[in-house]
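Let's take a walk through this one together. Keep the 3D view open and turn it as we go.

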Amino acid sequence: MQSRVKFGGFLRGIAFGASVLLAASAVQAQDGTGQTVITAARYLDVQSGKMVEHPAIFVGADGRIASIADARTVRWGAGVKHIDLGERTLLPGLIDMHVHLTSLAEVGGYQGLRYTDSFWTVMGVVNAKKTLDAGFTTVRNVGSADFGDVGLKQAIEGGYIEGPRIIPAGYAIGATGGHCDEGGLPPSMDRKGPSVVDGPEEARAKVRWLHKYGARVIKICATGGVFSLGDSVGAQQLTLEEMKAIADEAHMLGLKVAAHAHGDDGIRTAILAGIDTIEHCSLASDETIKLAALHKSWFDMDIYNDDYILATGTANGTEQESLDKEKAIGLAQRQTFQRAVRGGVRMIFGTDAGVYPHGDNGRQFAKMVEWGMTPLQAIRAATLNGAEALSMTGDVGAIAVGRYADLIAVDGDPLANIRELEDVDAVVKGGVLVKEK
């Protein structure tokens with residue numbers, strides 16, 4: 001694992017400001033062991049949508065971008081660490097708003113019962129590294145047993161393991177017998193799961209409990225799901241009063257709320273309850289899409305993983321019931337995505353990684369373009385929009401002064417070929433090169 005680079009000072013020159021490159025006379029950077037400058041052929045300014053040629057990105061001791069200059073005119077001293085990414089194109093580190101780092105697509109259905117509880121947290125370490133190497137430097141982990149995602153976040157921030165910046169949810173809140181309850185077991189094995197609530201007051205108390213133990217986003221299950229046995233994928237499972245209690249309590253604590261919701265009733269109720277992001281959104285009607293646009297809700301639609309689920313079938317243990325549900329909603333979800341994009345709904349990038357193998361997150365970009373987005377819109381969903389939805393616009397989501405030096409590099413032009421993002425060539429997190437081919 002590479003250690004974080006220390007710095008002796010800042011570049012004295014003209015700051016890049018609002019992504020306008022310095023192209024005037026040469027500027028001499030301060031000498032000093034530990035300074036870092038990152039160069040490449042160009043970078044995508046996701047705010048303007050334009051490529052900027054010959055950047056020299058200077059990183060401060062805190063891992064944030066101190067200034068951006070023109071590499072053709074700026075000089076730096078011999079003691080400055082230089083990360084040269086050659087003729088590649090830089091983009092901001094990507095943001096996946098819907099992952100499950102402590103889950104495995106390769107182990108489905110009842111096969112998961114063969115493994116001890118701690119196995120899943122151990123696999124989270126592996127999956128965190130795969131996700132980072134795929135170019136996703138920030139993720140929102142929306143559901144993990146035993147607060148495994150909180151533990152991963154602490155280990156990454158402590159420098160013990162490598163992985164993305166994690167916004168953890170801990171357990172996802174759901175109703176008795178719902179998508180976030182433990183279904184598929186006989187009554188003799190019945191117990192009330194840690195995340196199960198019935199009624200607004202229980203829901204409110206559960207938000208406080210999750211926050212107490214490290215959750216930094218609240219996840220709820222507003223409707224049934226594909227991989228929960230015995231429920232209807234689109235049926236609403238939490239009431240308006242329960243959702244509103246959760247949203248009000250979370251917002252009072254400074255937390256955002258994400259709602260798993262496939263069915264139209266559950267999506268609409270979540271919007272009216274003040275839920276911040278709606279996950280999946282498979283069966284949203286035109287009226288609900290208009291409501292989402294009016295309320296400026298975020299839709300987070302995992303439209304790639306249908307390919308993996310249907311291709312693998314029951315081979316990895318997935319129950320036929322779940323496969324049948326996916327067959328029923330997969331195409332409908334993509335058609336809903338297309339209508340939502342046309343309808344002006346604010347979109348973020350979320351894949352449900354863990355339903356398909358971790359590290360393949362970038363494969364969703366091509367699906368988003370296939371179903372109605374421009375390449376720039378898809379990239380913005382995974383950068384600017386994700387940062388805004390997380391209230392982290394001062395930290396991530398763009399290559400700009402003041403934000404973390406979280407960068408990825410690809411050989412080609414992702415605006416011309418969005419599939420460049422399926423296999424990134426280099427990853428920088430906080431000014432540290434963590435992967436290069």
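We'll begin with the whole chain, move on to a set of paired strands, and finish with a few individual residues.

First things first: what you're looking at is a predicted model. The chain has eleven helices and 22 strands. Its radius of gyration is 22 Å, close to the 22 Å that the globule rule gives for 437 residues, so the chain is as compact as a globular protein of that length. If you lay the C-alpha trace along its principal axes, it spans about 75 × 45 × 45 Å.

How much of the chain is tucked away? Buried residues account for 59% of the 437. The accessible surface adds up to about 17000 Å², and 51% of that belongs to carbon and sulfur atoms. As for who touches whom, take the contacts between residues at least 6 apart in sequence: 69% of these join residues at least 24 apart. The charges are worth a glance too, with 43 positive and 53 negative ones whose mean positions lie 5 Å apart.

Now zoom in on strand E20, residues 407–410. Which of its faces are covered? Both are: Leu407 and Ala409 are buried on one side, and Ile408 and Val410 are buried on the other. Next, look at its pairing partners. Strand E9 (residues 89–92) runs antiparallel to E20, and four bridges join the two. You can pick out Thr89, whose bridge partner in E20 is Val410, and Pro92, which stands opposite Leu407. E20 also pairs with strand E21 (residues 426–429), again antiparallel. Here there are three bridges, and Ala409 has Ala426 as its bridge partner in E21.

Go back to E9 and you'll find another pairing. Strand E3 (residues 42–45) runs parallel to E9, with two bridges between them. Tyr43 is the residue to find here, as it stands opposite Leu90 in E9.

Let's leave the strands for a couple of single residues. Lys206 is found in helix H3, which covers residues 200–212. Is this lysine buried or exposed? With a relative accessible area of 17%, Lys206 is buried, since the cut-off for that label is under 20%. Leaving aside residues up to four places away in sequence, Lys206 touches Ile173, Pro194, Ser195, Val196 and Val197. Tyr171 is 35 residues from Lys206 in sequence, and their C-alpha atoms are 9.7 Å apart in space.

His100 is another buried residue, at 14% relative accessibility. You'll find His100 in the loop between strand E10 (94–99) and helix H1 (117–133). What does His100 touch, not counting residues up to four places away in sequence? Its contacts are Asn141, Val142, Gly143, Lys219, Asp352, Ala353, Gly354 and His358.

Finally, a bit of backbone. Most residues other than glycine have a negative phi. His54 has a positive one, near 55°, and sits in the loop between strand E4 (50–53) and strand E5 (55–59). The phi of Cys281 is also positive, near 55°, and Cys281 lies in the loop between strand E17 (277–280) and helix H6 (286–295). How accessible are they? His54 is partly exposed, with a relative accessible area of 28%, whereas Cys281 is buried, at 0%.

Terms used: Residues are numbered from 1 along each chain as its sequence is written. This is a predicted model: local features need pLDDT of at least 70, side-chain atom pairs count only at pLDDT 80 or more; totals for chains, interfaces and linings use all residues. Side-chain values use heavy atoms; hydrogens and water are left out. The radius of gyration is taken over C-alpha atoms; the globule rule is 2.2 Å times the number of residues to the power 0.38. Buried means under 20% relative accessible area, exposed over 50%, partly exposed in between (1.4 Å probe, protein chains only). Contact means heavy atoms within 4.5 Å. Accessible areas come from the Shrake-Rupley method with a 1.4 Å probe; for residues, only the protein chains shown count as cover. Lys and Arg count as positive and Asp and Glu as negative; His and the chain ends are not counted. The place of a charge is taken as NZ of Lys, CZ of Arg, CG of Asp or CD of Glu. Two strands pair if DSSP finds at least two bridges between them.
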